[in-house]
Amino acid sequence: MADLTLTAANVLRTAADTTTGIAGETITAGQAVYLKSSDSRYWKAQCDGTAAEADVKGIALHAALAGQPLTIATAGTMNIGGTTAKVAYYLSATAGGVAPVADLVSGNYIVHLGYATATDGSFVVRITNTGATV
């Protein structure tokens, strides 16, 4: 399988807990983000980088350019688009990407982002940063 195809128009908050901050780079709706300690801004997370880059704080609910406000879903439900029902999704090696567990390879950090409840994009955000690698 491959990363979810994230279509910004399909990313919607339904009953998600949220937090806000400032984007450190261009972020697209649906991308997983981490909070960089050196500048306190949100950047695209990835499982094949550093432990800090794999410390996911949430999923972007809208697009933002560097320096702009950003709202992220931290828990609860949202629509992320393009999901397969009953599949758990994890942080991808592609910056900001959301992937099925089968895509993880040796050395990748294991970060559970949530799971799909239907094929219509319904997604339960349940982030678990394990700190472990495959």
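Exposed here means a relative accessible area over 50%, and buried means under 20%. Keep those two cut-offs in mind as you look around this predicted model. With them, Lys86 counts as exposed because its relative accessibility is 78%. Below is a quick tour: two loop residues with an unusual backbone angle, then the cores, the strand β8 with its partners, and two residues worth finding on strands.

**Loop residues with positive phi**

- Lys86 sits in the loop that links β5 (69–79) to β6 (88–91).
- Though Lys86 isn't a glycine, its phi is positive, near 65°.
- Ser40 is another non-glycine with a positive phi, about 55° in this case.
- You'll find Ser40 in the loop between β2 (32–36) and β3 (41–44).
- Ser40 has a relative accessible area of 52%, so it passes the 50% cut-off and is exposed.

**The nonpolar cores**

- The largest nonpolar core is made of 28 residues.
- Val56, Met78, Tyr89, Leu91, Val111, Leu113 and Phe123 have the most contacts inside that core.
- At least two residues of this core come from each of β2, β4 (56–60), β5, β6, β8 (109–116) and β9 (122–133).
- The top contributor is β8, which gives four residues to this core.
- A separate core of eight residues lies apart from it, with Ile27, Val33, Ala60 and Ile72 among them.
- Phe123 is a good place to start exploring: not counting neighbours within four places in sequence, its contacts include Ile59, Met78, Tyr89 and Leu113.
- Also on the contact list of Phe123 are Gly76, Thr77, Ile80 and Thr83, as well as Gly114, Tyr115 and Ala116.

**Strand β8 and its partners**

- Is β8 mostly enclosed or mostly open? Six of its eight residues are buried, so the rest of the structure largely encloses β8.
- On one pairing, β6 and β8 run antiparallel and are joined by three bridges.
- Within that pairing, Ala88 stands opposite Tyr115 of β8.
- β8 also runs antiparallel to β9, and six bridges join these two.
- One of the matched pairs here is Ala116 with Phe123, the latter being in β9.
- The hairpin of β8 and β9 has five residues between its strands, and Gly121 takes a positive phi near 100° there.

**Asn79, a buried polar residue**

- Asn79 belongs to strand β5.
- Its relative accessibility is 16%, under the 20% cut-off, so Asn79 counts as buried.
- What does the side chain of Asn79 reach? It gets to the backbone nitrogen of Gly81, at 3.0 Å.
- Setting aside neighbours within four places in sequence, Asn79 touches Asn10, Val11 and Leu12, along with Asp120, Gly121 and Ser122.
- Gly121, then, turns up twice: in the β8 and β9 hairpin and among the contacts of Asn79.

**Gly21 on strand β1**

- Gly21 is part of strand β1, which covers residues 12–22.
- Neighbours within four places aside, Gly21 is in contact with Tyr42, Gln68, Pro69 and Leu70.
- How far apart are the C-alpha atoms of Gly21 and Gly49? They are separated by 22 Å, with the two glycines 28 residues apart along the chain.

Methods. Residues are numbered from 1 along each chain as its sequence is written. This is a predicted model: local features need pLDDT of at least 70, side-chain atom pairs count only at pLDDT 80 or more; totals for chains, interfaces and linings use all residues. Side-chain values use heavy atoms; hydrogens and water are left out. Buried means under 20% relative accessible area, exposed over 50%, partly exposed in between (1.4 Å probe, protein chains only). A polar contact is a pair of N or O atoms within 3.5 Å; within protein, one must be able to donate a hydrogen and the other to accept it, and residues adjacent in sequence count only if both atoms are side-chain atoms. Contact means heavy atoms within 4.5 Å. A nonpolar core is a set of buried Ala, Val, Leu, Ile, Met, Phe, Trp, Tyr and Cys residues joined through side-chain atoms within 4.5 Å. Two strands pair if DSSP finds at least two bridges between them.
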